[in-house]
Amino acid sequence: MRGNVVDLAVAVVIGAAFTNIVNSVVEGVINPLVGAFGTQDLNEYQSCLRGPCKEVDGVMQGIPINWGSVISASLTFLITAAVVYFLMILPMTRYLARRKAKQPVEPAAKTDLELLAEIRDELVALRAAGGSAGGSGGSGAVGGTATVGAQRPAPEGAAGEGADSAATGGDRES
């Protein structure tokens, strides 16, 4: 949790610093380049919806749309995003990928289903080996064969006592 807070604080400080730099680039470089084709300040570009856009006695006549300021803000955002991406995010992602590649790869943990399948296969192999040798293979079944997954008969006297008492050996008095 602390690491995330520190990362966020660093991002805010660096973002504020980059915003000032990008604003200076837009105002000092991009606006004069646009000024070569029109007015020198992007904020001066505007259109009028209704009537002439003139200021008379401190009151604006008409309805101006300042689309130049929207373009200026969009350029500032795009430049800031590009700088942050190419100078911070991309190098950090590459660094973390290299660091992760150097770490030893741990084998994937087996799921319960895979473990049970292995146990089943080993039991089948043991019973098959025990049955071919002529012994019972420790299965407790008549003739040395048993079906994997077959139900065992309930022990005598456990019919009405429930599964818990049958598993623990019945009700014992201590």
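**Calling things by their names: a patch and two bridges**

Author: Ile63 sits in the loop between β3 (59-61) and β4 (64-65), where strands are DSSP runs of E of at least two residues, numbered from the N terminus. This is a predicted model, in which local features need pLDDT of at least 70 and side-chain atom pairs count only at pLDDT 80 or more, while totals for chains, interfaces and linings use all residues. Residues are numbered from 1 along each chain as its sequence is written, and side-chain values use heavy atoms, leaving out hydrogens and water.

Reader: Why is Ile63 called partly exposed?

Author: Buried means under 20% relative accessible area and exposed over 50%, with partly exposed in between (1.4 Å probe, protein chains only). Ile63 has 34%, so partly exposed is the right label.

Reader: Which residues make the nonpolar surface patch?

Author: Leu49, Ile63, Ile65, Trp67 and Ile71 make it, and the patch covers about 440 Å². Patch residues have over 30% relative accessible area and no salt bridge; nonpolar side chains (Val, Leu, Ile, Met, Phe, Trp, Tyr) are joined within 5 Å, like charges within 9 Å.

Reader: What makes Lys110 and Glu118 a salt bridge?

Author: Happily, a simple distance test: a side-chain nitrogen of Lys or Arg must lie within 4 Å of a carboxyl oxygen of Asp or Glu. The closest N and O atoms of Lys110 and Glu118 are 2.5 Å apart, so the pair qualifies. Lys110, at 46%, is partly exposed, and so is Glu118, at 37%.

Reader: How many salt bridges does the structure hold?

Author: There are 2. Asp121 and Arg120 also form one, at 3.1 Å from N to O.

Methods: Accessible areas come from the Shrake-Rupley method with a 1.4 Å probe; for residues, only the protein chains shown count as cover. Helices (H or I, at least four residues) and strands (E, at least two) are DSSP runs, numbered from the N terminus.
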